[in-house]
Amino acid sequence: MATDDPTSDDSPSAETSFVRVADAAELREEGRMVTRADGRAIALFHHEDEFQAVDNRCPHMGFPLADGTVDDGILTCHWHHARFELSCGDTFDPWADDVQSFPVEVRDGDVYVNPHPDPDLPPVEHWSNRLRTGLEESLRLVLAKSVIGLADEDVAYTDPLETGLRFGARYRDDGWSSGLTILSAMANLHGELRPDDQRRALYTGLYRVAQNCQGEPPKFDQPSFSARDLSRDRLESWFRETIEVRDRDGAERCLQTAIATLSPEEVADILYLSATDHLYMASGHTFDFINKACEALDHVGWEHASEILPSVIPRLTEASRSEEQSSWRQPIDIAELTFDAADELPGLASEGEDADWDAPEGFADTLLGDDPEQIITGMKSAVRKGATPAELAGEVAQSAGRRVAQFGTSNEFNDWDTVHHTYSYANAVHKAALRTDSMAGYRGAFAGAMSVYLDRFLNTPPTPIPDGTEVEAPEDLRADLLSVFDEEGEVDTAGRLVAAYLREGGDPAELKRVLGEGLLREDADFHTLQNVEAAFEQFDLTDDSDRARTHMVATARYVSAHVPTRRSAEQTYTIADRLHRGEAVHEADRD
């Protein structure tokens, strides 16, 4: 800022940092003008007997601020009516961000500007603050800008991830939900994606967390018990009992005490066991959400467990229990079959403790059969012969993947979600079994197998899983697969294309990158985002190439069934990226 009464500063630094930009008399007469200094477009104003200078690009979407209105010390951008305090650039509107202002001096009738003032905040601190504002106000453009800004400052993805996790756990009293699950799933995909899609994935998770928390009351924590000599068995018993009677506050005190006194594996196992005390809770979401919370802590550190893990308790205390549903009781009481098997599991596992198990030929077909008693019998035999929780859960996940890969498109569209729920649940149980190797993995696998059984009619008749011989392998996977995703109803084409690519020795890493790109450009719903992440996980966990291919075919078909969308989130991200690179968004739009 400078007034008509010129001042002087003869210090060497002042002489070298200020650049002549205008004739003072001309600016006074015109009231405003645009100039350039060291490559920056700067809007100059003469207002209320003072000279002011700000960046000419509105920080919201890049509109020229010199085309705005100045009144009573307020600069208003005409595009979206963002308002700025002219002398310092601070905004009245949190969604707009502050505009950069520049020191001004008048010397011998000329206006000088310092185009490189010391920043009020270091860039990392600025973008971290904006990230929090974006979460608090549920502002997608602000979140996209923040993710891009932090990444360009070489901030690890785990930093904004941690911010999003802590925010989501704190500012939603109803607890862990789809937003935090998506954020955790996107973190799991991070290493599989192209660099720019890594940013898109983080942005996707963060804005879903913000949406989940908007208008929700915050959560107030319960403390741990002061006793520190409570055994694992006692804490587990107390926790499972409080969940049984839907006592949220009591459960949180038990869990907080476990977090303070037990290892992460033991804490996770207590949660997994509680999630398998009842069958397929909340259509599998309860177990999946708990597992995602644990996986999120693997990314950001288990020192945050006391903040993050209590948010899953409402998913346990408020969840529906499948044994209360008629489909699990009639015409065959598969709930009773599952509970009876669970009672036998400790003895069966003890019998097979020293044995090595390989899935016998036809085991997968048994799991996909139409006789629940035969399925239960086959699984009990597997445990007796040495199948570990992870091995058994892996077989169930494979059969769940086949349900998706063979889903018949003559079914109702919403039935995609039915087979998906089983798949995401089975994937979560498999991952949990690899983490803790306890009875929870066995019990989750048995419940998952019964859900696979209930889904059998959605494979009637089963769509054949392509072996890759139906079409030629794509020469340009990215162009061909994304083109398929641009069209509605190309479900089987997508599956055949992926199968052919893998059969001909295509790089699975490239396939994942292309699938990730196709996913993240869409306004993908919760289940589609989950499905891709689960398929990538299961593909990596499956040694046999033919069985592994099933998971990629399954998710390609699932994605294809749910695209294309309006791609509004991608529009927002693209605007943020263009602004960050200095492009004039409004000029491109006019063209």
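**Entry 1: strands E3, E4 and E5**

I began with strand E4 and strand E5 (residues 50-55), which are antiparallel and joined by six bridges. This is a predicted model, so I read every value here as computed from that model. For one facing pair across E4 and E5, I noted Phe45 opposite Gln52 in E5. I then checked the turn. The hairpin of E4 and E5 has two residues between the strands, and Glu48 takes a positive phi near 55 degrees there.

I moved to the other partner of E4. Strand E3 (residues 32-37) also runs antiparallel to E4, again with six bridges. I picked Val34 and looked for its bridge partner, which is Ala43 in E4. E3 and E4 form a hairpin too, with two residues between them. In that turn I found Asp38 with a positive phi of about 50 degrees.

How many of the residues of E4 are buried? I counted seven of the eight in strand E4 (residues 40-47), so I wrote the strand down as mostly covered, with buried meaning under 20% relative accessible area.

**Entry 2: the sheet of E2, E10 and E9**

Next I looked up an open sheet of three strands. Its order is E2-E10-E9, and the pairing is antiparallel. Which strands sit at the edges? They are strand E2 (19-23) and strand E9 (104-107), each pairing on one side only. I also took the twist: neighbouring strands of this sheet are turned by 35 degrees against each other on average, direction ignored.

I followed E2 to its partner. E2 pairs with strand E10 (residues 110-113) in the antiparallel sense, over four bridges. I noted one pair from these strands: Arg20 has Tyr112 in E10 as its bridge partner.

**Entry 3: the largest pocket**

I turned to the open space. The largest pocket holds about 1200 Å³. I listed its lining, which has 35 residues; those closest to the pocket centre are Asp97, Asp98, Gln100, His126 and Trp127.

Which helices supply at least two lining residues each? I found helix H3 (123-137), helix H4 (140-152) and helix H25 (568-580). H3 gives the largest share of this lining, with five residues. I sorted the lining by class as well: 15 residues are nonpolar, eight are polar and 12 are charged.

**Entry 4: Asp97**

I stayed with Asp97, one of the residues closest to the centre of the largest pocket. Asp97 lies in the loop between strand E8 (83-85) and E9. Is Asp97 buried or exposed? Its relative accessibility is 7%, so Asp97 counts as buried.

I then looked for side-chain partners of Asp97 and noted two. A polar contact of 3.3 Å joins its side chain to that of His126. Another, of 3.4 Å, joins the side chains of Asp97 and Arg130. His126 was already in my notes, among the residues closest to the pocket centre.

**Entry 5: the second largest pocket**

I repeated the lookup for the next pocket. The second largest pocket has about 350 Å³ of space. Its lining has 16 residues, and the closest to its centre are Glu391, Gly394, Glu395, Leu541 and Arg547.

Three helices each supply at least two residues of this lining: helix H17 (389-405), helix H18 (415-436) and helix H23 (526-541). Which of them gives the most? H17 does, with five residues. By class, I recorded five nonpolar, five polar and six charged residues in this lining.

**Entry 6: Gly448**

I checked one glycine. Gly448 lies in helix H19 (residues 439-454). Gly448 is buried because its relative accessible area is 0%, and the cut-off is under 20%. I took one C-alpha distance from Gly448. Ser399 is 49 residues apart from it along the chain, and the two C-alpha atoms are separated by 9.7 Å.

**Entry 7: the whole protein**

I closed with the overall numbers. The protein has 26 helices and 10 strands. Of its 591 residues, 58% are buried. The C-alpha trace spans about 95 × 65 × 40 Å along its principal axes.

Notes
Residues numbered from 1 in each chain as written. Predicted model: local features only at pLDDT ≥ 70, side-chain atom pairs only at ≥ 80, totals over all residues. Heavy atoms only, no water. 1 Å grid on protein atoms, 1.4 Å probe; cavity = no way out; pocket = protein on both sides within 12 Å on 5 of 7 lines; lining within 4 Å. Points joined across faces, edges and corners; volume = space filled by probe spheres on them. Nonpolar A, V, L, I, M, F, W, Y, C, P; charged D, E, K, R; others polar. Pairing = 2+ DSSP bridges. Axes fitted to C-alpha atoms, helices over the stretch in contact; angles between N-to-C directions. Buried < 20%, exposed > 50% of the residue type's maximum accessible area, 1.4 Å probe, protein only. Polar contact = N/O pair within 3.5 Å; in protein donor to acceptor, adjacent residues only side chain to side chain.
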